[in-house]
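Open the structure in a viewer and keep the selection tool at hand. The stops below go from the whole chain to single side chains.

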Amino acid sequence: MTTLRNHGLLRMPVQVYRSPGRVTARMIRSDVGTDEALVVRTGAETEERNLPRLVGADAETAAAWINELPPSLSALVQPYDQVLFSVELAVYDGLEIAEIIPGIWELDNQLTPVMFGVQGDRVDLTALDTGTAQAARFHDLLRGLYESSAEVDDWQVAMVVEWVRGRRRDLAALLRGLGHSFGLKLHYSTRFGLSPQNLRSTVPHRETWTRNQNTPSPAVAVLSSTNGPIPGGPLLLDVSLAREQHAQLTRFLSRLREAGTSKVYLRSGLLSHLAINLREAGITVRSAHG
């Protein structure tokens, strides 16, 4: 958060409490600025998956929850606002790649993203299937998590392109500061617009986007369960894993490695959480959409 703030990329206010234990509701109200519904995320010194979070809490509930966290975690408090669409952005030297889906991009998301690349003044759109709604995930304070049919609209694509172009200097400065390509997770809400949520240390190799990727042939086996037998050869993964099922995901990745799986195809984006975990397990990830 500090890095994103220093480069002028934060839009939504975020207050960070390092090694929390004595956070009070009064502190939260003073730091965040309002007495409204809050989101509390957690961070660690190392990059970890499935860290605890609290959504839609008041200041008293948030303070009590934060004070129960282990001392190794930091708490990140921000105002709650409903997410309309999500973006995963990969930033390279002279190239930005974005994947957009409606709703909240969760670990188990299998939605087909709209993908585009920005290289100088050129914008290349791919996988743009307008008019096709998908079962996207949303959250509000009354219903909690729910599914609703939605699609990525033209104005959302245009807004992300404008955001990337308007912040290219800041993104390039961050790239130089880190010394390597990186990823950003962004949420769009009505009140705050596009707001980065996470800074990712790994993204696919640049060549992943520039080489020709053929649609998998019918010989590719479809795997629809994380517990079923794993056939040999390339796989089309048609599986769903909730954010809280990190242990099951870890076991599944181990089984893929033990089965000698070297390449998989995903309907979800190449920047999705599942794709990130697969790549870190040493498995090549390709798009099932060509």
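What follows is a tour of a predicted model.

**The whole protein**

Start with everything shown as a cartoon. The protein has eight helices and 16 strands. Its radius of gyration is 19 Å, close to the 19 Å that the globule rule gives for 290 residues, so the protein is as compact as a globular protein of that length. Along the principal axes, the C-alpha atoms fill a box of roughly 60 × 45 × 40 Å.

Now switch on the surface. The accessible surface comes to about 14100 Å², and carbon and sulfur atoms account for 48% of that. Of the 290 residues, 49% are buried. Taking contacts between residues at least 6 apart in sequence, 60% join residues at least 24 apart.

**Phe-85 and Trp-155**

Hide the surface and show the aromatic side chains. How many aromatic pairs does a search of the whole structure find? There are four. For one of them, select Phe-85 and Trp-155: the pair is edge-to-face, with 5.9 Å centre to centre and 80° between the planes. Phe-85 belongs to strand E5 (residues 85–92) and Trp-155 to helix H4 (residues 154–166), so the pair ties together parts that are 70 residues apart in sequence.

Are these two residues buried or exposed? Phe-85 has 0% relative accessibility and counts as buried. Trp-155 is partly exposed, at a relative accessible area of 39%. Add Tyr-188 to the selection: ring pairs link Phe-85, Trp-155 and Tyr-188 into a cluster.

**Phe-138, Tyr-146 and Arg-143**

Next, select Phe-138 and Tyr-146. This aromatic pair is stacked, with 5.9 Å centre to centre and 25° between the planes. Both Phe-138 and Tyr-146 are buried. Then add Arg-143, whose charged end sits over the ring of Tyr-146, 3.7 Å from the ring centre.

**His-139**

Move to His-139, in strand E9 (residues 134–140). His-139 has a relative accessible area of 15%, and since buried means under 20%, it counts as buried. Which side chain makes a polar contact with that of His-139? It is Tyr-80, at 2.8 Å.

To see the surroundings, leave aside the neighbours of His-139 within four places in sequence and display the residues in contact with it:

- Val-55, Tyr-80 and Gln-82 are among them.
- Ile-104 and Gly-144 are also included.
- Leu-145 and Tyr-146 are in contact with His-139 too; Tyr-146 is the residue whose ring has the charged end of Arg-143 over it.

**Helix H8**

For the last stop, select helix H8 (residues 273–280), where His-273 is placed. His-273 is buried, with a relative accessible area of 16%. Now add Trp-105: His-273 and Trp-105 are 168 residues apart in sequence, but their C-alpha atoms are 8.6 Å apart in space.

Why is H8 described as largely enclosed by the rest of the structure? Six of its eight residues are buried, so the helix is largely enclosed. Colour the buried ones to see where they fall: His-273, Leu-274, Ala-275, Ile-276, Asn-277 and Leu-278. Finish at Gly-282, which follows H8 and has a positive phi, near 85°.

Methods. Residues numbered from 1 in each chain as written. Heavy atoms only, no water. Phe/Tyr/Trp six-rings, centres within 6.5 Å; stacked < 30°, edge-to-face > 60°. Helix = DSSP H or I, 4+ residues; strand = E, 2+ residues; numbered from the N terminus. Buried < 20%, exposed > 50% of the residue type's maximum accessible area, 1.4 Å probe, protein only. Lys NZ or Arg CZ within 6 Å of the ring centre and 35° of its normal. Polar contact = N/O pair within 3.5 Å; in protein donor to acceptor, adjacent residues only side chain to side chain. Contact = heavy atoms within 4.5 Å. Rg over C-alpha atoms; globule rule 2.2 N^0.38 Å. Areas by Shrake-Rupley, 256 points an atom, 1.4 Å probe, with all protein chains shown as cover.
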